[in-house]
Amino acid sequence: MEREHISSAFDEELSELNQLVYSLGGMVLSQVQGVVALLGDGDEKALQSLIKNDEKLDELDAEINIKAYEIIAVRSPIAEDLRKVIVALKMSGMLERVGDFAANIAKRGLIISESERAALFMDMIRSLGEEVSTTLIEVIDAYRHGDIKKAMAVWSGDVEIDARYMEFYKEIILAMEKDSGLITAGTHAHFALKNFERIGDYATGIAELVYFLNTGGYPEDDRPKASLGED
């Protein structure tokens, strides 16, 4: 049986740590949804602002790390309490990386928008971005409510994001083969799509953390995966 601590001060510290992770999750989600909304609308100032916002995510990630290590050093948590701290640490790192991807997509969006013939690429990026945003909403909500079923739905559903990414990747390659003038925009579009595909991967990683946090173990089955051979 796992031993429970009896310190209310410790409870408050764990609650504060969770609140910081929730805040980071909300900020990251805002970044991802923001870049999806801004792509293709020509608002360079707004995209630059979004890129600049990534610094705030880095700062909050650092604050979460400091808070978590302080708890470990002072409280020596065990069992479920230790899982809470470890998951907060890992989840913070994953969310910070998702924020990096969002900023990178914004940078590539600025370049792609310079080509008036690249509207098709923007539609692909927005489409995949909307799917990934929904996945992020679901997995952050699963973390907040300890919803293993919802987390596992995200975990198993990533195969659909992979398949969509491959579909768009092949369309981009075909478009560049037909029109060499699209090579620059197409290359950046591919990397933007790849960034969204990687955000989907991180969402499955967070889903596994939700499972671990609430069960003490990891899913036994292999996660369904689509081929990303990109041949």
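What percentage of the 231 residues of the protein chain count as buried? In this predicted model, the figure is 47%. The paragraphs below go from the whole chain to its core, then to individual helices and residues.

The protein chain has six helices and zero strands. Read from the N terminus, the order of elements is α-α-α-α-α-α. Along the principal axes, the C-alpha atoms occupy a box of roughly 65 × 40 × 20 Å. Among contacts in the protein chain with a separation of 6 or more, 83% join residues 24 or more positions apart.

The surface can be described by area and by charge. The protein chain has an accessible surface of about 11500 Å², and carbon and sulfur atoms account for 50% of this area. There are 24 positive and 43 negative charges, and the mean positions of the two sets lie 1 Å apart.

Turning to the interior, the largest nonpolar core has 75 residues. Within this core, the residues that touch the most other members are Val35, Phe121, Phe196 and Ile199. Two or more core residues come from each of helix 1 (8-38), helix 2 (44-75), helix 3 (79-112), helix 4 (119-145), helix 5 (148-178) and helix 6 (183-215). Phe196 shows what such a position looks like in detail. Once neighbours within four places in sequence are set aside, Phe196 contacts Val32, Val35, Val36, Ile105, Ile125, Leu128, Gly129 and Val132. Val35, itself listed among the core residues that touch the most other members, is one of these partners.

Helix 2 is a good place to follow a single element. Its 32 residues reach 47 Å from the first C-alpha to the last, close to the 46 Å expected at 1.5 Å a residue. Which residues of helix 2 are buried? They are Leu47, Leu50, Ile51, Asp54, Leu57, Leu60, Asp61, Ile64, Lys67, Ala68 and Ile71. The list includes the charged residues Asp54, Asp61 and Lys67. As background, an α-helix has 3.6 residues a turn, so residues three or four places apart point the same way. The buried residues of helix 2 pack against helix 1 and helix 3.

Leu57, in helix 2, gives a close view of that packing. Why is Leu57 classed as buried? Its relative accessible area is 1%, and the class applies to values under 20%. Not counting residues up to four places away in sequence, Leu57 touches Leu24, Met27, Val28, Gln31, Glu96 and Gly99. One of these partners, Glu96, is 39 residues from Leu57 in sequence, with 6.1 Å between their C-alpha atoms.

What follows helix 2 is Ser76, with a positive phi near 45°. Ser76 sits in the loop between helix 2 and helix 3. Ser76 is exposed, because its relative accessible area is 52% and exposed means over 50%. Ala79 also has a positive phi, of about 50°, although Ala79 is not a glycine. Ala79 belongs to helix 3 and is partly exposed, with a relative accessible area of 26%. For comparison, most residues other than glycine have a negative phi.

Helix 6 can be read in the manner of helix 2. Helix 6 has 33 residues and reaches 48 Å from its first C-alpha to its last, close to the 48 Å expected at 1.5 Å a residue. Just after helix 6 comes Gly216, with a positive phi of about 85°.

Two further residues deal with pairs that are distant in sequence. Gln33 is in helix 1 and is partly exposed, at a relative accessible area of 36%. Gln33 touches Ser133 and Ile137, again leaving out residues up to four places away in sequence. The C-alpha atoms of Gln33 and Arg126 are 9.7 Å apart, although 93 residues separate the two along the chain. Arg144 is in helix 4 and is also partly exposed, at a relative accessible area of 42%. Its C-alpha lies 7.4 Å from that of Tyr22, a residue 122 positions away in sequence.

Terms used: Residues are numbered from 1 along each chain as its sequence is written. This is a predicted model: local features need pLDDT of at least 70, side-chain atom pairs count only at pLDDT 80 or more; totals for chains, interfaces and linings use all residues. Side-chain values use heavy atoms; hydrogens and water are left out. Helices (H or I, at least four residues) and strands (E, at least two) are DSSP runs, numbered from the N terminus. Buried means under 20% relative accessible area, exposed over 50%, partly exposed in between (1.4 Å probe, protein chains only). Contact means heavy atoms within 4.5 Å. Accessible areas come from the Shrake-Rupley method with a 1.4 Å probe; for residues, only the protein chains shown count as cover. The place of a charge is taken as NZ of Lys, CZ of Arg, CG of Asp or CD of Glu. A nonpolar core is a set of buried Ala, Val, Leu, Ile, Met, Phe, Trp, Tyr and Cys residues joined through side-chain atoms within 4.5 Å. The expected span of a helix is 1.5 Å times one less than its number of residues.
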